[in-house]
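The following exercises concern the model displayed below. Each task is followed by a solution that proceeds step by step.

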Amino acid sequence: MKQVVTFGEIMMRLSPPLNLRLTQAASLDVTYGGGDANVAAALAQLGQPAAHAGCFPDNDLGRAAAQHFQRLGVDMHSCVFRGQRLGLYFLEVGASLRGSKIVYDRADSAFANLDPAWFNWDEILKDAQWLHWTGITPAISASAAQATREAIQVARRLGITVSADVNYRRNLWQYGQKAQDVMPELVAGCDVVVCTEGDAEDLFGIRPEEGREDRFVSMCEQLQQRFPQIKQVIATRRETQSASHERIRGLLYDQGAYHETTPYDIVPVIDRIGGGDSFISGFIYGWLHFDQDPARALGFATAASALKHTIVGDINLVTAAEVEHIMQGNVTGRLLR
């Protein structure tokens with residue numbers, strides 16, 4: 001099987017144990033994650049070959065972050081080790097009425113200071129069938145945005161499917177360019193996008209038509225009219241009951257056809273970070289392995305995302321068989337012997 005290739009920043013994640021607040025913590029648990037790389041790692045667990053391209057500092061922290069993903073089966077040979085700093089984020093895990101909280105410490109990271117010339121995309125993508133990126137990557141720096149642009153251009157020339165989670169993070173765009181000026185050109189090169197109505201309005205000025213009850217479909221129709229390369233738009237719909245209780249379902253607009261899954265009730269939520277990354281990785285896997293059946297791919301994606309909420313860390317450490325078990329309605333969490 002050919003690879004799915006992802007591109008983006010990997011950070012160290014630091015979290016107090018036992019739902020403690022950051023102000024209470026005497027120690028912090030360490031793991032690693034990044035919106036794009038989480039997709040590659042989740043796909044590797046499912047049995048789909050995956051590779052990641054990125055930039056790490058040339059020190060022990062950079063090597064530890066890369067080795068974390070390498071141990072999970074991700075091909076990291078296209079990563080560059082230059083620079084001084086690994087981005088960090090601190091996660092305070094909420095419970096019940098108290099929401100989770102993230103504090104970023106990622107400014108001036110090695111990835112933010114990358115040189116696009118370090119990445120030979122013809123070589124990186126030579127064994128690929130799919131390229132995935134998120135809107136976080138071009139938000140980090142002008143050079144990261146340029147590298148993303150070049151990756152998409154090569155993928156298009158090679159006939160590789162391109163997907164993006166537009167993942168608008170207003171506070172990340174600090175280098176003098178607006179997301180509204182950068183993202184449209186990048187999204188125009190995509191076949192599949194993860195996009196909500198809110199992201200479509202913020203990034204592209206697209207709003208559901210007045211009086212339409214099917215607001216998601218209205219948004220998707222306009223998105224595909226503006227970006228004809230897009231074939232599928234997917235999203236999750238969350239009904240947050242508390243920090244410990246989520247209800248999610250999957251939505252897909254596939255060239256005029258609309259699909260929606262039944263919801264999953266997830267209680268207690270153990271860790272919701274990476275739920276969206278698990279959704280797109282599940283969709284990519286489902287599309288590649290289920291004869292491009294949109295409804296089944298969406299069902300697999302939503303079940304995978306639901307399972308991620310039960311797993312500590314950024315990455316969805318589940319097998320394809322475990323996801324299909326959930327798809328079959330086995331949601332009671334019975335002990336398996």
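**Exercise 1. Determine whether phenylalanine 111 is buried or exposed, and identify its contacts.**

Step 1. Phenylalanine 111 has a relative accessible area of 1% and is therefore buried; buried means under 20% relative accessible area, exposed over 50%, and partly exposed in between, with a 1.4 Å probe and protein chains only. The model is a predicted one, in which local features need pLDDT of at least 70 and side-chain atom pairs count only at pLDDT 80 or more, while totals for chains, interfaces and linings use all residues. Residues are numbered from 1 along each chain as its sequence is written, and side-chain values use heavy atoms, with hydrogens and water left out.

Step 2. The residue belongs to the loop between β8 and α3 (121–124). Helices (H or I, at least four residues) and strands (E, at least two) are DSSP runs, numbered from the N terminus.

Step 3. With neighbours within four places in sequence set aside, phenylalanine 111 is in contact (heavy atoms within 4.5 Å) with Phe7, Gly8, Glu9, Gly54, Cys55, Thr137, Ile140 and Ala144. For one of these, glycine 8, the C-alpha to C-alpha separation from phenylalanine 111 is 8.0 Å, although their positions lie 103 residues apart in sequence.

**Exercise 2. Describe the surroundings of strand β9 (residues 128–134).**

Step 1. Six of the seven residues of β9 are buried, so the strand is largely enclosed by the rest of the structure.

Step 2. β9 pairs with strand β1 (residues 3–7) in the parallel sense over four bridges; two strands pair if DSSP finds at least two bridges between them. In this pairing, valine 5 is opposite leucine 131.

Step 3. β9 also runs parallel to strand β10 (residues 161–165), to which five bridges join it. Here tryptophan 130 faces threonine 161 of β10.

**Exercise 3. State which strands stand at the edges of the open sheet containing β2, and why one side of each is left without a neighbour.**

Step 1. The sheet has four strands in the order β3-β2-β7-β8, with mixed pairing.

Step 2. The edges are β3 (29–33) and β8 (101–105); each has a single partner strand, so one side of each lacks a neighbour in the sheet.

Step 3. Neighbouring strands are turned by 25 degrees against each other on average, direction ignored. Axes are lines fitted to C-alpha atoms, for helices over the stretch in contact, and angles run from 0 to 180 degrees between N-to-C directions.

Step 4. Strand β2 (residues 11–15) runs antiparallel to β3 and is joined to it by five bridges, with methionine 12 opposite tyrosine 32. Helix α2 (residues 60–71) lies across β2 and β3, at about 70 degrees to β3.

**Exercise 4. Characterise the packing of helix α7 (residues 197–204) against helix α8 (residues 215–226).**

Step 1. The helices pack at about 35 degrees, and their axes are 10 Å apart.

Step 2. Glu197, Ala200 and Phe204 of α7 meet Arg215, Phe216, Met219, Leu223 and Arg226 of α8.

Step 3. By class, this contact has five nonpolar, no polar and three charged residues. Ala, Val, Leu, Ile, Met, Phe, Trp, Tyr, Cys and Pro count as nonpolar, Asp, Glu, Lys and Arg as charged, and the others, Gly among them, as polar.

**Exercise 5. Locate the buried residues of helix α11 (residues 320–327) and name elements that cover them.**

Step 1. Ala320, Val323 and Ile326 are buried. They cover an arc of only 120 degrees around the axis, which puts them on the same side of α11; the arc is that of the directions from the helix axis to the C-beta atoms.

Step 2. The covering elements include α1 (35–46), β15 (264–266), α9 (275–289) and α10 (294–308).

Step 3. Glycine 329 follows α11 and has a positive phi near 95 degrees.

**Exercise 6. What backbone geometry is found at leucine 18, at aspartate 291 and between valine 267 and proline 268?**

Step 1. Most residues other than glycine have a negative phi, and most peptide bonds are trans.

Step 2. Leucine 18, in the loop between β2 and β3, has a positive phi of about 60 degrees. Its relative accessible area is 77%, so leucine 18 is exposed.

Step 3. Aspartate 291, in the loop between α9 and α10, has a positive phi near 55 degrees. At 76% relative accessibility, aspartate 291 is likewise exposed.

Step 4. The peptide bond from valine 267 to proline 268 is cis, with omega near 0 degrees; proline 268 lies in the loop between β15 and α9.
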